[in-house]
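Work through the exercises below with the coordinates loaded. Each task is followed by a stepwise solution.

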Amino acid sequence: MKHYLSINDIDSVNRWVEDALALKKKPLAFKKLGRKRTIGLLFFNNSLRTRLSTQKAAMNLGMKVMIMNFGKDGWALEFEDGTIMDKGNAEHIKEAAQVVSQYCDILGIRAFASLKNKEADEAELVINSFKKYASIPVLNMESSVGHPLQALTDLITIEEYKKSTDPKIVLSWAPHPKALPQAVANSFIEIMQLKNANFTITHPKGYELDPKVTKNSRIEYDQEKALKDADFVYVKNWSNYKNYGKVINQDKNWIITEKKLGNAKFMHCLPVRRNVVVEDAVLDGNQSLVIEQANNRTFAAQIVLKKMLETLK
Ligand code: CP
């Protein structure tokens, strides 16, 4: 595996989950694999979990880690080919990607959707430009349309906590005051499809995600019906896809409560707004898996990095 850019880069989902859970038991089992390797992590957006868990995963594999808050500290990048750079952008992606490739063996990139220009976001300009001009493998730490490290984490957590072979898993939209990307929901849906899971998506009418992502996944507009007898309820807000990046509904009736959760486990990628997306009682109760999900970010990143290291010459 050269790059890890989307769920499509997982060649055997069951084996990856098994391997990640084995790494969780023995995190230092491959501590010599990355001994002479360096990972560079470039953040164009904020992060707590992705930054620290990817760093921890790399350290568990014996790698050196270099981190840069590129959005704040780097030169503003120009992505257009053949442009006259007489405005704000000081450095072209062509040089930046080649320069970083000399310092590192693997390059992680976080670059969120702008939510202003659907076409540009779907083209994944930042991460695909690094992929194009860098000479080293690229790791997606959340791009415009996907968060494949998070989705792998989520599946690992479900496999760890499931009590039946085919649990009912529901992805529920929840209200949020700000416009958020669709990346987490997209990758979660894709990994549910890859796993052929018993899976339902629920959201208010008008909040349909990209049909190229949802494909034939079950969509139920009645949240109560969707949540009935669920084993896992994954909650996430996303902004509107059709009316791109807009918040058209903040219906408080979609907040997740203890009553709605029933006997299901509660999942969220974090960070989460308490008593907006989900009430305190759920997050503080013993059905919440959010802290364990955050823990599993390390082992998802570790299995991905292990596979990338194994393909380096
Ligand atoms: N879930 C997640 O990616 O968290 P951070 O944004 O804090 O990295």
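Three exercises on surface and burial follow.

The model is predicted: local features need pLDDT of at least 70, side-chain atom pairs count only at pLDDT 80 or more, and totals for chains, interfaces and linings use all residues. Residues are numbered from 1 along each chain as its sequence is written, and side-chain values use heavy atoms, with hydrogens and water left out.

**Exercise 1.** Locate Ser 143 and classify it as buried, partly exposed or exposed.

Step 1. Ser 143 sits in the loop between strand E6 (138–140) and helix H7 (148–161); helices (H or I, at least four residues) and strands (E, at least two) are DSSP runs, numbered from the N terminus.
Step 2. Buried means under 20% relative accessible area, exposed over 50%, and partly exposed in between (1.4 Å probe, protein chains only).
Step 3. Ser 143 is buried because its relative accessibility is 1%.

**Exercise 2.** Classify Lys 31 in the same terms.

Step 1. The loop between helix H1 (13–25) and strand E1 (38–43) holds Lys 31.
Step 2. Its relative accessibility is 47%, so Lys 31 is partly exposed.

**Exercise 3.** Place Val 99 and Gln 102, and state which class each falls into.

Step 1. Val 99 belongs to helix H4 (residues 93–103), and Gln 102 is also in helix H4.
Step 2. Val 99 has a relative accessible area of 31% and is therefore partly exposed.
Step 3. For Gln 102 the relative accessibility is 63%, so this residue is exposed.
Step 4. Gln 102 is 32 residues from Phe 70 in sequence and 17 Å from it in space, C-alpha to C-alpha.
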